[in-house]
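Visitor: I would like to learn how to read this model. Please show it to me, and then take me through its features.

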2 protein chains.
Amino acid sequence: MKVVETIDEVRACVAEARAAGKVVGLVATMGALHAGHVSLVNAARASSGLVVVSIFVNPTQFGPTEDFSRYPRTPQADIETCRRNGADVVFMPGVETIYGPGGKTEVRVRDLGETLCGRSRPGHFAGVCTVVGKLFNIVAPDRAFFGAKDYQQATIIRRMTADLNFPVEIVVCPTVREADGLAMSSRNAYLTPSERQQATALYESLCLAEWMIRQAHPPADEVIAAMRAHLTSRSGGAAVDYVQIVDPDTLQDVQSTSDPVLLALAVRFGQTRLIDNMRVG
Amino acid sequence: MKVVETIDEVRACVAEARAAGKVVGLVATMGALHAGHVSLVNAARASSGLVVVSIFVNPTQFGPTEDFSRYPRTPQADIETCRRNGADVVFMPGVETIYGPGGKTEVRVRDLGETLCGRSRPGHFAGVCTVVGKLFNIVAPDRAFFGAKDYQQATIIRRMTADLNFPVEIVVCPTVREADGLAMSSRNAYLTPSERQQATALYESLCLAEWMIRQAHPPADEVIAAMRAHLTSRSGGAAVDYVQIVDPDTLQDVQSTSDPVLLALAVRFGQTRLIDNMRVG
């Protein structure tokens, strides 16, 4: 496994693999790798001859009051995780490698980026799209792997990839959860022990909503009220950022729960913002 | 020479050429080809093993009151021009090929797109960047050729290409002019005979400004006033959209003309908007 920091190096690795007829898979991460990321590496391994894992904490997807500077950075452990799980190349560029001086270009996906997490994180998805577009042009993968835990991100990246004709297949892999249901996230490391216990309320409220919908397809309002009540009663001091039931493709709010829907929520434990979601139907 | 309409076809042509070790050059046009476009094809021919000319009148770079529907379309003559000048592939996609249903993605270059033509054509350069990004991903050229007549466009595309790490070299070729100095433009076809005569005032005013600057480097205000006076006195009923003297890299207004500057102007003859520019120093 090679660990490289420059664009020329990663391009050389990819060019060599492609000349040998290999399919190139990209797992784009911000590091602090956990079992969710490992599942993406495994999926890439299963369908690609060269697996590239990028590790880059992307400043442009963090708001000015968000956790860019304290976001967990564990490069040595990440390299070890990649090695153990069969990655071929780890691309760990510095910020100045990805964002040269005088950069002014932004990739934006209308509508999809303005709902759900986009409301409380203005500019977040433009930052994601811009860096993913850059990584696609740097690595030139055939396939790129993203986690369903970041459902809105995956939806937006799929839209961007189609809209800009990137010759990249987007593969979305299932959310990986802890034994008690909490979705794996690098930000779980921020939680105090009591917050960690309370955080199971996110997945519980999704399961509660799924059960309600399967039983009787009540209007979305009713389901959301039950989810909010559960979150409030079971998660102590956590503040609900949003609980929404949306169309899984357009991400716009729906009232009927008879057709397939996406349940999505974001909750803050102090400074720590956690998200989760579930497709139902 | 092949004439193709689909993305798969043009990608197949490029893949075959690349497998044969050829460098791929792209000339992206909106058709109605003139000697300016031919100079780009010639430049591409001189440095590329495969020359692809795209012909696509891009709706997203036209404002709602602009000339999208009446923009000149001369496909048969364009194909003949490409053939005579040694293009290998002409890519003529329909609008629905380039813009599939549900598209929501936009590429924007901050600052550079908001001055000069961006002021009177809001959204124009986002449309240009989006379609050029798409063409880069569809054709995957090694080099792409643009005309200096659209200086702001070339500057913005160069910025976008660097910012998004497209592996494409941007080549900007000199403006081609009629014998009396009028810059070649597909929109010159709109001009009445008397407007066509008056339109020489654009280049004359650039030459006047160049002469003033070379003589004495007067403040930009003085030069602009002289250019405006010349345009007004010599171009009859034409309306000046802008006359600006800007930094050739940032495109921001400058007051001193001692360092290199870009002289840029836009003038309307009735519904017809013409632009021109000159680098000085």
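**Axis, interface and sheet**

Guide: Start at the rotation axis: B:Val107 is the residue of chain B that comes closest to it, with its C-alpha at 2.3 Å. Keep in mind that this is a predicted model.

Visitor: What turn and what shift lay chain B on chain A?

Guide: In general, a rotation about an axis and a shift along it relate two copies of a chain. Here the turn is 180 degrees and the shift along the axis is 0.0 Å, with an RMSD of 0.0 Å. That is therefore the relation of a two-fold axis.

Visitor: Through which surface do the copies meet?

Guide: Compare the interface residues. In chain B, 100% of them are also interface residues in chain A, so the copies meet through the same surface.

Visitor: Now the sheet. What is the strand order in chain B?

Guide: Read across six strands: β1-β4-β3-β2-β6-β7 of chain B, an open sheet with parallel pairing. Its edge strands, β1 (2-4) and β7 (169-173) of chain B, each pair on one side only. On average, neighbouring strands are turned by 25 degrees against each other, direction ignored.

Visitor: How many bridges join β6 of chain B to β7(B)?

Guide: Five, and the two strands run parallel. One pair to look up: B:Ala144 has B:Ile170 in β7(B) as its bridge partner.

Visitor: Which strands does helix α2 of chain B touch?

Guide: Helix α2 (residues 35-47) packs on the sheet against β2, β3, β6 and β7 of chain B. Its direction makes about 170 degrees with that of β2(B). Helix α6 (residues 124-139) of chain B lies across β2 and β3 of chain B, at about 150 degrees to β2(B).

How values were computed:
Residues are numbered from 1 along each chain as its sequence is written. Chains are lettered from A and ligands numbered from 1 in the order in which they are written. This is a predicted model: local features need pLDDT of at least 70, side-chain atom pairs count only at pLDDT 80 or more; totals for chains, interfaces and linings use all residues. Two strands pair if DSSP finds at least two bridges between them. Helices (H or I, at least four residues) and strands (E, at least two) are DSSP runs, numbered from the N terminus. Axes are lines fitted to C-alpha atoms, for helices over the stretch in contact, and angles run from 0 to 180 degrees between N-to-C directions. Two residues are in contact if their C-beta atoms, placed from the backbone, lie within 7 Å. Copies are superposed by least squares on the C-alpha atoms of residues with pLDDT of at least 70 in both.
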